[in-house]
Amino acid sequence: MANEREAKEMVADQGKIARMLKTARGQLDGILKMVEADRYCIDISQQVMATEALLNRVNREILKAHLEGCVKQAVTAEDRDEKIEELAATLDKILK
């Protein structure tokens, strides 16, 4: 089963996802520099929250693409769209 998952391609816009992840990596590097420079705790915390928010957006993009691609193919045609919307709404609540 693991080989099946490895063989499938990511449906999400890889360029967009890569850009967002590189931005998050840059934010993390900046946070580390802030910690090393002994910056004000609240400033560091705000940067951590901004990075978390970006990573949550990345995760939503990936999971939405998964729902629209892989899950859509797996679910029967008659209730597919309803199930996708239901899962997407649930994920939006979880990842806020």
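## A salt bridge within one helix

Let's start with a pair of side chains: Lys 64 and Glu 68 meet in a salt bridge, with 3.9 Å from N to O. Both residues belong to helix α3, where they sit four residues apart, about one turn of the helix. Lys 64 is partly exposed, at a relative accessible area of 47%, and Glu 68 is partly exposed too, at 45%. Please keep in mind that this is a predicted model.

## Helix α3

The helix that holds this pair runs over residues 41–74, which makes 34 residues. From the first C-alpha of α3 to its last is 47 Å, close to the 50 Å expected at 1.5 Å a residue. Where does α3 bend? The place is Leu 67, and the angle there is about 35°.

Leu 67 is also one of the buried residues of α3. The others are Ile 44, Thr 51, Leu 54, Val 58, Ala 65, Gly 69 and Val 71. Their cover includes two other helices, α2 (14–36) and α4 (80–94).

## Helix α2

Helix α2 has 23 residues, which should span 33 Å at 1.5 Å a residue, and its end C-alpha atoms are indeed 33 Å apart. Its buried residues are Ile 17, Met 20, Ala 24, Ile 31 and Met 34. What covers them includes α3, just as the cover of the buried residues of α3 includes α2.

Both ends of α2 have a detail to look for. At its start, a side-chain oxygen of Asp 13 comes to within 3.1 Å of the backbone nitrogen of Gly 15. Just after the helix, Asp 38 adopts a positive phi of about 60°.

## The other salt bridges

How many salt bridges are there? The count comes to three, and the Lys 64 and Glu 68 pair is one of them.

Another joins Glu 61 and Lys 16, whose closest N and O atoms are 3.3 Å apart. Glu 61 lies in α3 and Lys 16 in α2, so this pair ties together parts that are 45 residues apart in sequence. Glu 61 has a relative accessible area of 31% and is partly exposed; Lys 16, at 32%, also counts as partly exposed.

Asp 43 and Arg 39 also form a salt bridge, and here the closest N and O atoms are 4.0 Å apart. Asp 43 is partly exposed at 28% relative accessibility, and Arg 39 is partly exposed at 41%.

Notes: Residues are numbered from 1 along each chain as its sequence is written. This is a predicted model: local features need pLDDT of at least 70, side-chain atom pairs count only at pLDDT 80 or more; totals for chains, interfaces and linings use all residues. Side-chain values use heavy atoms; hydrogens and water are left out. The expected span of a helix is 1.5 Å times one less than its number of residues. The bend at a residue is the angle between axes fitted to the seven residues ending there and the seven starting there. Buried means under 20% relative accessible area, exposed over 50%, partly exposed in between (1.4 Å probe, protein chains only). Contact means heavy atoms within 4.5 Å. A polar contact is a pair of N or O atoms within 3.5 Å; within protein, one must be able to donate a hydrogen and the other to accept it, and residues adjacent in sequence count only if both atoms are side-chain atoms.
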